[in-house]
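Here's a quick look at one protein model, covering its sheet and the empty spaces around it. Have the viewer open while you read.

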Amino acid sequence: MFFDTHCHIHMERFAGEEAALIERMRAAQVSRAVVVATDVDEIAQVQTLLDRYPELYGAFALSPQDETLTDLSAEAIAQYVQGDRWVAVGETGIDYHYCTEPLDWARNRFATHIAAARLAQKPLVIHSRDAADDTIAILRENGADEAGFVLHCFCGDWDFARRALDLGAYLSFSGIVTFKTALDQQDVARRAPMDRILIETDSPYLAPVPLRGKRNEPSFVPHVANYLAQLRGMTLEDVARQTTQNALRFFKIKGE
Ligand SMILES: [Zn+2]
């Protein structure tokens, strides 16, 4: 059984196809997935999916890539993720990929999300791109380790990973790790402790090899697990079992 810890299957691109999508997930032995809402408007769409499909869970935070969203208080954000089926605050973080100066609005929003996670007693899903130093500093200054956090779609080198792991991080690998050029990610995926690794699709983006370029979906996550198994010399079954156990523990889901 596999656990896709990060997807966006409430998006327009999947409209009307949800039942077929879930069927394919079940057929691929992907027993759970976390659906991530990046704006208040998306919460209802995700909730509709949660009501319909018991294997889905929700996460919510205001996107770290969209300055135009109206900011919310930590209390308001904590309120949105109440209940057993909303398992995390995220995705939140810092993205300097297209913009390198310090982004005050993004740093403040990130800090507010960390406060929200601590209030709600739910872990954080972190989006960090080209911003290792700021990410570590903000996580540390705001006590993110108290809530727990995962660096989702991990993109960085071992130095970044090691500093995050020291703060208690989980690292989640997406289809990127299967790309030929992703040498840093592969290095980290080889060296990170197995009990801190999660897998995800980040669908509809970043389909893993051999499906690269297609629209991604949760049923593709075994390809990420398979790649990790080869990289670490483990069986696919062991990677599936370990990463699923990790995800259940991280999201505080009572598993079987
Ligand atoms: Zn995402």
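## Sorting the residues

Before we get to the pockets, a word on classes: Ala, Val, Leu, Ile, Met, Phe, Trp, Tyr, Cys and Pro are nonpolar here, Asp, Glu, Lys and Arg are charged, and the others, Gly among them, go down as polar. Keep in mind that this is a predicted model.

## The second largest pocket

With that split, the lining of the second largest pocket comes out as six nonpolar, two polar and five charged residues. The pocket holds about 180 Å³ of space. Its lining has 13 residues, and those nearest the centre are Asp84, Val87, Phe251, Lys252 and Ile253.

## The largest pocket

The largest pocket offers about 540 Å³ of space. There are 20 lining residues, and Gln65, Glu91, His127, Asp202 and Tyr205 are the closest to its centre.

Sort the lining by class and you get six nonpolar, nine polar and five charged residues. Which element gives the largest share of this lining? That would be strand E5 (residues 124-129), with three residues.

## The cavity

Searching the whole structure for cavities of 30 Å³ or more turns up one. The largest cavity has about 30 Å³ of space. Around it sit Ile126, Ser128, Leu151, His152, Phe154, Cys155 and Phe160. In class terms, that lining is five nonpolar and two polar residues, with no charged ones.

## The sheet

Now for the strands. Eight of them form an open sheet with parallel pairing, and the order is simply E1-E2-E3-E4-E5-E6-E7-E8. At the edges you'll find strand E1 (2-7) and strand E8 (197-199); each has a single partner strand, so one side of each has no neighbour in the sheet. On average, neighbouring strands of this sheet are turned by 30° against each other, ignoring direction. As general background, strands in a sheet pair through backbone hydrogen bonds, in either a parallel or an antiparallel way.

For a concrete pair, take strand E3 (residues 56-60) and strand E4 (residues 86-95): they run in the parallel sense and share three bridges. What stands opposite glycine 58 in E4? Look for tryptophan 86 there.

## A helix across the strands

Helix H1 covers residues 18-27 and lies across strand E2 (30-37) and E3. How is helix H1 angled against E2? Helix H1 runs at about 135° to E2.

Terms used
Residues numbered from 1 in each chain as written. Predicted model: local features only at pLDDT ≥ 70, side-chain atom pairs only at ≥ 80, totals over all residues. Heavy atoms only, no water. Pairing = 2+ DSSP bridges. Helix = DSSP H or I, 4+ residues; strand = E, 2+ residues; numbered from the N terminus. Axes fitted to C-alpha atoms, helices over the stretch in contact; angles between N-to-C directions. Contact = heavy atoms within 4.5 Å. 1 Å grid on protein atoms, 1.4 Å probe; cavity = no way out; pocket = protein on both sides within 12 Å on 5 of 7 lines; lining within 4 Å. Points joined across faces, edges and corners; volume = space filled by probe spheres on them.
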